[in-house]
Amino acid sequence: SSRNMQAGSLHPAAMSMWQSIRQTRTPMSTLQEVDFSSMSRSAETTMPRQKPDISASKGIYESVLVAGFGGVHYTMVKGKVVFVHPFFLLLPCLPVFSVQITALLALRMDLPVSKNINEDEYDEILFQVRLLMTIVVGLMNFQRLWSSVQMLFLALNPHFWVQVCSHHDAPVSGKRNSAELIALLSCTALLMSAFVNYAVGVDSISVILAGENVKEVVFDCLALTFLQDLDEYAWQFLRKVLNLSSLEDFSFELDYPNRIYTEENELTHEKASRFAFPALAEVALDWTSCLGVRSFAVELITVLLLFFVYQRQLFVLLLAIDSGVLPVARDICLQRSIHDFSRAASAFLEIIEDYLILFNVHEKIQELASKDGVLKGCPDDLYHGLNFRDHIELSKKRPLTVGFGLSVFAAILVMPKILRVVHGDSVLALESASMDEEQGGDMESLHQRQDFTEKRLLRVEE
């Protein structure tokens, strides 16, 4: 009764139940006027953020992009967390890239570039090992090439810099930095990674075809993969020495839509402050409206780029087998022609050769490609680069091989993405239908609970 409750003679559990009933008492008229849209917006911020499917490698090149969103930091003695700026991670990328590209070029120059691989005596075991190691190196290079291409495209995508959330003290959110600057630093590092991964895939064909025996082929391929993994070893060394956070503890997360755009479909102040030129950012976002971080267009472009890379490697291999000329010989002649016929490209290559390569590669190229060298002046009929006419001729000469190779690449790279989109649309429709049904059941349950609570409250008051 009311007198017993006022006197405090009611059991504590019963008293707490009474208080909870009084707190949840809401007339039905009030319940019907609740703004469920505002409830959904507030509930949205309590839901876990979505994580895009970004398969980033754990190397020093990728750490530059991760650092822009606060993924690289170190903890001071008193527990204060200090975020590392991407510029300070780009600096150690330069010597790592210098070592990798120097070793790859030295290996390229040391190969028997004038060798005719069709003149070798046929060895069935060596032929099978060459074919096997070509597939193995391609598989080992796939993850790293995928990661570098995907992250490079994301760094160039303006939607990536507004949709991905970051710590409020991260470099991309700071007042003295801008998304344009961090994107420039990240793209520079990721271009280094993409170039090294592509060079390993192309040079591996020459290394495998030039091998004289099984042991030489296997160990040369292991040397290439070691050079490719050098950026991961450099990151592990840098992380241990400087006590930096691990890249495995970081993952990109998409921000909530109401924190990205306002009701007028403009960038919020928080997102617009990331850019040095917000007006240009708005224009870029409008022009690339279909290129969201989780959009099908982004995944399709990444897949098509990888398909182009692997189909090119297939034709490079077939051209080498058909002509007997190692692909590295064509690459050396191409480097020589760039130096001789393009001043702008020659000046750019000279800067790289002078400051990043640890030996005089230009002198070595001139020695090999001169008329008195082993390449005999690089005649175009023998050492020309792969062109569209070669694609047509090789397709006519080896239609089964070309058709099978392209079909395998399409089945592995392109078809899973298309099936994922088709399956994803059906799953999304089913989830939407089940969500509507579940929300309808929740509303009915809420009304029943409200009726039960009011009846119980009336009985207690009586």
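Rings of Phe, Tyr and Trp (the six-membered ring of Trp) form a pair if their centres lie within 6.5 Å; planes under 30 degrees apart count as stacked, over 60 as edge-to-face and the rest as tilted. The structure is a predicted model, in which local features need pLDDT of at least 70, side-chain atom pairs count only at pLDDT 80 or more, and totals for chains, interfaces and linings use all residues. Residues are numbered from 1 along each chain as its sequence is written, and side-chain values use heavy atoms, with hydrogens and water left out.

**Exercise 1. Aromatic pairs**

Task: state how many aromatic pairs the structure holds, and classify the pair Phe69 and Phe160 and the pair Phe142 and Trp146.

Solution.

Step 1. The count is twelve aromatic pairs.

Step 2. The ring centres of Phe69 and Phe160 are 5.3 Å apart and the planes stand at 80°, so this pair is edge-to-face. Phe69 sits in the loop between α5 (60-68) and β1 (73-75), Phe160 in helix α8 (residues 160-163); with their positions 91 residues apart, the pair links distant parts of the chain. Helices (H or I, at least four residues) and strands (E, at least two) are DSSP runs, numbered from the N terminus.

Step 3. Burial is read from relative accessible area: buried is under 20%, exposed over 50%, and partly exposed in between (1.4 Å probe, protein chains only). Phe69 is buried at 2%, and Phe160 is buried at 0%.

Step 4. For Phe142 and Trp146 the centres are 5.7 Å apart and the planes at 45°, so the pair is tilted. Both belong to helix α7, where a spacing of four residues separates them by about one helical turn. Phe142 is partly exposed at 28% relative accessibility, whereas Trp146 is buried at 13%.

Step 5. Ring pairs also build a cluster, made of Phe69, Phe160, Trp161, Phe250 and Phe252.

**Exercise 2. The disulfide**

Task: which residues does a disulfide join, and what is its handedness?

Solution.

Step 1. Apply the criterion, a pair of cysteine sulfur atoms within 2.5 Å. A search of the whole structure gives one disulfide.

Step 2. Cys333 and Cys378 are the partners, with an S to S distance of 2.1 Å.

Step 3. The torsion about their S-S bond is about -80°, so the disulfide is left-handed.

Step 4. Cys333 lies in helix α15 (residues 327-341) and Cys378 in the loop between α17 (361-369) and α18 (380-383), so the bond ties together parts that are 45 residues apart in sequence.

Step 5. Cys333 is buried at 7% relative accessible area, and Cys378 is buried at 11%. Two other cysteines can be placed on this scale: Cys93 is buried at 0% and Cys187 is buried at 10%.

**Exercise 3. The two pockets**

Task: describe the largest pocket and the second largest pocket by volume and lining.

Solution.

Step 1. Fix the terms. On a 1 Å grid over the protein atoms alone, a pocket is an open set of points where a 1.4 Å probe fits, with protein on both sides within 12 Å along at least five of seven lines; lining residues have an atom within 4 Å of a point. Grid points are joined across faces, edges and corners, and the volume is the space filled by probe spheres set on the points.

Step 2. The largest pocket holds about 1200 Å³ of space. Its lining has 35 residues, and Leu131, Thr134, Ile135, Leu314 and Leu317 lie nearest the centre. Two or more lining residues come from each of α7 (124-156), α9 (179-210), α14 (296-323) and α20 (399-461). Helix α7 supplies the largest share, eleven residues.

Step 3. Sort that lining by residue class: Ala, Val, Leu, Ile, Met, Phe, Trp, Tyr, Cys and Pro are nonpolar, Asp, Glu, Lys and Arg charged, and the others, Gly among them, polar. The result is 22 nonpolar, nine polar and four charged.

Step 4. The second largest pocket holds about 950 Å³. It is lined by 33 residues, with Arg108, Phe195, Tyr198, Gln335 and Leu349 closest to its centre. Elements giving two or more residues are α6 (86-110), α9, α14, α15 and α16 (343-355), and α9 gives the most, eight.

Step 5. This second lining divides into 24 nonpolar, three polar and six charged residues.
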